Amino acid sequence: MSMTPSDVKATLSFSDGSPNMDLPIYKGSIGPDVIDIRKLYAQTGKFTYDPGFLSTASCNSTITYIDGDVGELLYRGYPIEQLATNCDFLETCYLLLNGELPNAGQKEEFVESVTNHTMVNEQMQFFLRGFRRDAHPMAVMTGLVGALSAFYHDSTDINNPEHRKIAAIRLIAKMPTLVAMAYKYTIGQPYVYPKNDLSYTENFMRMMFATPCEDYKPNEVLVRAMDRIFILHADHEQNASTSTVRLCGSSGTNPFAAIAAGVACLWGPAHGGANEAALNMLEEIQKNGGVEKIGDFIAQVKDKNSGVKLMGFGHRVYKNYDPRAKLMRETCHEVLNELGLQNDPMFKLAMALEKIALEDEYFVSRKLYPNVDFYSGIVQRAIGIPVPLFTAIFALARTVGWIAQLNEMIGDPEYKIGRPRQLFVGAEKRDVKPMAQR
Ligand code: SDX
């Protein structure tokens, strides 16, 4: 699919009589049209100004579409609800990378290819030794993913489609191994090697929770829940970390380095770090009195001076309920029921908080709804994932989206290195004074 020129033009006029400028408009297959400003600076000597990219499309893409007003999320046209129910994570990876869901033969080949790349070079474990045992797993992951580029010189030419393909398989296959190693290191347990006779997500859960003393007996409900969490986090248009990967990759750097940049960006509490922050927020409310004290907390959030936000709420694009949050809440129910934790106080607190917020004018007027991070922490904690590892799990899942978006950019013959401009408001040219005159 490509951009379709619209019959409508945008005309830019200036009140000082400067010449008008016609700007072409392009239509996509769904969603807002775009005004093409690529020639604006050359013709007017002016830039546009949009620091948070609130009204800026950085690219055209065929991968993921979000309708924030209705709360819809499509991966290559398929609604997230259908993928989360009818597919597994590796099918979703195949879809994001190739544009179509795999048939049985294609799936078998893809699964075998990923399975055969799950081990990491034995040298990788020595990077971990440099970290303190209490290092945050995202600090470890940022280092480990970047370090992968030191081992695969046969697949670091991002302009080579074959290199892009094997690098994609290696990254998807090795992220679970690296996340499990980062976890084992922090708890002082030996690393568990991948086992090729397990499914992708069973393998991850075993590398996380098995020990040499006893093997991990997979619980099908928990494995399915983890796999669904991966699906829900796999891609999400041009979010901060995906835009970081695109900008980083646009310099021609290798895919491992570009994905490491995405890991670093995702760590932030306003982005992927929100799931850890949301659970810490719930634990804090619980410690300070639980459901009875929700009103006090909400009052703090409304007080701009408090700097307190309702973590797991709000979104730049969704101005309705994040469809992933709904699916995550359902997964919460399934996991907590399976584990006999129906009365989990954290889940009850989260649902009470959600109910109060969704009826409060402050949140309603700002269209603040639960996002993917609001419930994901509760279900991950119930599965046994430690809180500091939540964002590393997010990075594991998002790696396929980052790669698909990076490959789409590099595969576009029109792509250029990203180089934004600025509105300069600093000091005008001046001379350096000798030290005695400063
Ligand atoms: C993810 O982009 C993606 O797609 C990201 C993601 C993905 O899959 O890649 O979906 C994953 O990052 C989800 C978002 C996780 N972050 C959080 O849950 C952190 C809490 N949320 C906020 O930080 C905020 O909502 C953002 C960062 C998510 C969005 O911020 P925006 O779009 O810049 O909105 P804003 O800050 O301009 O907020 C608009 C108003 C402001 O109030 P006013 O100045 O109008 O009075 O809403 C308020 C904000 O103060 N507001 C909140 C709030 N979020 C926004 N107030 C309290 N609690 C919040 N969570």
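In this predicted model, the buried residues of helix 8 are Y200, T201, E202, N203, F204, M205, R206, M207 and M208. They make up nine of the 10 residues of helix 8, so the helix is largely enclosed by the rest of the structure. The cover over these buried residues includes helix 3 (89–98), helix 4 (104–115) and helix 7 (161–187). Helix 9 (220–232), helix 17 (372–383) and helix 18 (390–410) also contribute to that cover.

R206 is found in helix 8, which consists of residues 200–209. With a relative accessible area of 13%, R206 falls under the 20% limit and therefore counts as buried. Leaving aside residues up to four places away in sequence, R206 touches V192, Y193, K195 and L198, as well as D215 and Y216.

R132 is placed in the loop between helix 5 (124–128) and helix 6 (137–147). The relative accessible area of R132 is 60%, which lies over the 50% limit, so R132 counts as exposed. Between the C-alpha atoms of R132 and N254 the separation is 28 Å, and the two residues are 122 places apart along the chain.

The two arginines are set out below.

| Residue | Location | Relative accessible area and class |
|---|---|---|
| R206 | helix 8 (residues 200–209) | 13%, buried |
| R132 | loop between helix 5 (124–128) and helix 6 (137–147) | 60%, exposed |

The next topic is the sheet. Three strands form an open sheet in the order 1-2-3, and their pairing is antiparallel. Strand 1 (4–12) and strand 3 (34–35) are at the edges, each with a single partner strand, so one side of each has no neighbour in the sheet. Strands of a sheet pair through backbone hydrogen bonds, in a parallel or an antiparallel sense.

Six bridges link strand 1 to strand 2 (residues 21–27) in the antiparallel sense. P5 has Y26 of strand 2 as its bridge partner. Y26 in turn has V34 of strand 3 as a bridge partner. Strand 2 and strand 3 run antiparallel and are joined by two bridges. These two strands form a hairpin with six residues between them. In the turn of this hairpin, G31 has a positive phi of about 95°.

As a whole, the protein contains 18 helices and six strands. The C-alpha trace spans about 80 × 65 × 60 Å along its principal axes. The radius of gyration of the protein is 24 Å; a compact globule of 438 residues would have a value near 22 Å, so the two agree.

Of the 438 residues, 46% are buried. Among contacts between residues at least 6 apart in sequence, 70% join residues at least 24 apart. The protein exposes about 22000 Å², and 53% of this area is supplied by carbon and sulfur atoms. There are 44 positive and 50 negative charges, and the mean positions of the two sets are 7 Å apart.

Notes: Residues are numbered from 1 along each chain as its sequence is written. This is a predicted model: local features need pLDDT of at least 70, side-chain atom pairs count only at pLDDT 80 or more; totals for chains, interfaces and linings use all residues. Side-chain values use heavy atoms; hydrogens and water are left out. Two strands pair if DSSP finds at least two bridges between them. Helices (H or I, at least four residues) and strands (E, at least two) are DSSP runs, numbered from the N terminus. The radius of gyration is taken over C-alpha atoms; the globule rule is 2.2 Å times the number of residues to the power 0.38. Buried means under 20% relative accessible area, exposed over 50%, partly exposed in between (1.4 Å probe, protein chains only). Contact means heavy atoms within 4.5 Å. Accessible areas come from the Shrake-Rupley method with a 1.4 Å probe; for residues, only the protein chains shown count as cover. Lys and Arg count as positive and Asp and Glu as negative; His and the chain ends are not counted. The place of a charge is taken as NZ of Lys, CZ of Arg, CG of Asp or CD of Glu.
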